[in-house]
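Reader: I would like to learn how to read salt bridges and burial in a protein model. Could you walk me through it, one feature at a time?

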Amino acid sequence: MSAAEDLAARAIAVLADERAAVAGRFAQLRALRWHAPAPLASPAPKLTQTVTNISTIATGDSIGKDDARLTYSGTVPVADGGGAPYNTSNVGAWVTTPAGPNTASGNWSLRFQTDAPVVELIVGDWHGASSYAIRVDGEPVARSTNAYFPNVGGTRYLRIDFGSDVQGIVANQVLVSGGSGYAVGDELTVQGGTTGGAAMVLVVSGVNAGAVTHWYVKQYGAYTAVPGAGATTTTNGAGTGATFNVTNNSPAFSNHTTRRMRRIEAYNTNGKIIGVRVPTLSVVRPWPVAGPRLFAMTDSYGDTFQLYAGGGWPFRVAERLGIEDVWVNGRGGTGFLATNNGTQSKYRDRLGDIVAQSPAAALTPVVLLTQGSINDNAAADADLTAEVTAYYNQAFTALPNAVLVQTGMLRPAGNAPSDAKSAAVLAGFLAAQAIHDPGGRRSAYIETRGVGPLMTPGGRAGAVTGTGNSDYWVSGDNVHPTQDGMDFLGDAFALSLRAIFARLDA
């Protein structure tokens with residue numbers, strides 16, 4: 001084989017490997033399925049905020065934000081700010097301004113696993129209101145906006161309390177008397193002993209002429225002192241007289257009323273979670289994310305939380321599609337051309353943040369979903385089209401393994417932004433797509449106009465636009481989505497993404 005032939009063969013092999021990797025990523029995206037939204041956790045833990053900078057966990061361990069046991073949805077450490085503590089930037093925020101520090105309120109996700117019955121999120125200084133969305137084992141448990149950590153300085157603790165834990169003895173049980181009148185399925189509650197909560201409950205699984213012969217444990221209870229020999233029982237059936245010897249296991253082992261391993265995740269907006277505090281001897285482990293990564297480039301529509309545990313629309317998209325790795329690069333007042341407070345915070349200025357945080361693993365699917373922004377309403381159509389094209393020229397080149405999806409402009413109450421502005425965004429996207437992905441093999445557009453455009457208020461007859469009525473998709477400020485609006489947008493975008501993923505072509 002000549003040198004030229006060898007080089008050609010190597011090039012073909014490399015191309016085949018690359019196509020296989022792309023096919024693998026696309027297959028993971030095509031495998032995503034529609035998920036029902038998680039119900040609110042029940043019973044939900046109690047949330048309280050300390051009014052001082054003193055933890056309510058007297059004897060415990062404070063784990064710093066850089067500790068390997070705490071994970072966030074990223075692979076590279078995110079820049080901190082300075083101050084007392086970190087009051088010049090969000091810990092975890094990653095929206096870059098020209099001066100370098102990360103000062104915008106980019107949302108991020110702190111994840112960890114712990115068996116602690118009470119956990120405190122240590123929150124650093126922030127001169128402005130902040131809000132949080134907390135999930136336990138995938139279920140939202142609490143949500144508040146401008147309620148936790150209003151405009152105050154210093155450190156605060158957000159306490160997540162699952163209740164007082166009692167370490168109980170898991171007791172052995174031996175039948176003494178089967179009694180009479182029992183039926184299969186009857187529940188027997190064991191009497192006596194000392195519990196820190198519930199007693200032992202047995203379920204009858206076999207009878208002989210009404211006498212209990214077989215049973216299984218439905219609930220071990222939480223004994224600190226076991227009932228002992230001849231323990232009586234009560235039942236939800238007609239039987240009477242069943243007794244048991246309920247004794248310590250040998251070797252003894254114990255259970256807990258509250259302490260168990262849980263996966264805890266906290267999203268934050270303007271606050272800065274700088275650590276976690278747990279009681280002494282609690283287990284804390286990392287909870288690494290897995291699967292596809294969803295990047296969302298947004299204005300305040302993706303960055304703003306409403307009064308519910310669900311949070312913004314990017315998290316609803318991820319929840320519906322079963323994506324657990326979510327990065328929201330959101331900053332209010334921005335867009336393709338619109339900037340916030342005169343800084344260069346438009347979408348293209350922040351695209352480098354997404355490039356820097358893209359996962360290194362070759363087989364990790366990456367999706368960049370860019371939201372058309374109402375903040376670009378004042379831009380000239382030609383200028384907006386040109387900027388969208390420049391954004392995607394950069395994105396196609398810098399993110400060769402990503403699936404790139406653009407949405408049309410959303411629209412709150414009224415007619416602005418016009419359909420022409422949304423069409424200008426589409427024209428810019430199509431111009432770049434024609435150069436970098438002419439077949440639409442890894443890019444797509446989600447139309448938001450036409451019949452029933454997204455974010456036009458709607459609801460029951462008689463409801464008043466702009467009152468914050470939850471029947472509507474637009475909140476009381478007549479601009480931002482309510483939580484219903486966030487959920488609606490997330491559902492609509494998720495359905496569109498599923499259709500897009502189904503036609504990806506390696």
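Reader: Let me start with a single side chain: is Lys421 buried, partly exposed or exposed?

Author: Happy to help, and please keep in mind that this model is predicted. The general idea is a cut-off: a residue is called buried under 20% relative accessible area. Lys421 has a relative accessible area of 12%, so Lys421 is buried.

Reader: Which residue forms a salt bridge with Lys421?

Author: The partner is Asp381, and the closest N and O atoms of the two are 2.9 Å apart. Asp381 lies in helix α5 (residues 381–398) and Lys421 in helix α6 (residues 419–436), so this pair ties together parts that are 40 residues apart in sequence. Asp381 is partly exposed, because its relative accessible area is 32%.

Reader: How many salt bridges does the structure hold?

Author: There are 16 salt bridges in the structure. One of them joins Glu319 and Arg135, with 3.6 Å between the closest N and O atoms. That pair links distant parts of the chain: Glu319 belongs to helix α3 (residues 313–321) and Arg135 to strand β6 (residues 132–136), 184 residues apart.

Reader: Are Glu319 and Arg135 buried or exposed?

Author: Glu319 is buried at a relative accessible area of 18%, and Arg135 is buried at 7%.

Reader: Which residues are linked in a network of salt bridges?

Author: Look for Arg316, Arg320, Asp487 and Asp491, which are linked in such a network. Within it, the side chains of Asp491 and Arg316 meet at 2.9 Å, N to O. Asp491 lies in helix α7 (residues 483–502) and Arg316 in helix α3, so their salt bridge ties together parts that are 175 residues apart in sequence. Both Asp491 and Arg316 are buried.

Reader: Away from the salt bridges, where is Ala266 found?

Author: Ala266 sits in strand β19, which covers residues 262–268. Its relative accessibility is 1%, so Ala266 counts as buried. The C-alpha atoms of Ala266 and Arg111 are separated by 6.7 Å, although the two residues are 155 apart along the chain.

Reader: And for the protein chain as a whole, what percentage of the residues count as buried?

Author: Of its 506 residues, 49% count as buried. The chain has seven helices and 26 strands. Among contacts between residues at least 6 apart in sequence, 75% join residues at least 24 apart. As for the surface, the chain exposes about 20,700 Å², of which carbon and sulfur atoms supply 54%.

Notes. Residues numbered from 1 in each chain as written. Predicted model: local features only at pLDDT ≥ 70, side-chain atom pairs only at ≥ 80, totals over all residues. Heavy atoms only, no water. Helix = DSSP H or I, 4+ residues; strand = E, 2+ residues; numbered from the N terminus. Buried < 20%, exposed > 50% of the residue type's maximum accessible area, 1.4 Å probe, protein only. Contact = heavy atoms within 4.5 Å. Areas by Shrake-Rupley, 256 points an atom, 1.4 Å probe, with all protein chains shown as cover. Salt bridge = Lys/Arg side-chain N within 4 Å of Asp/Glu carboxyl O.
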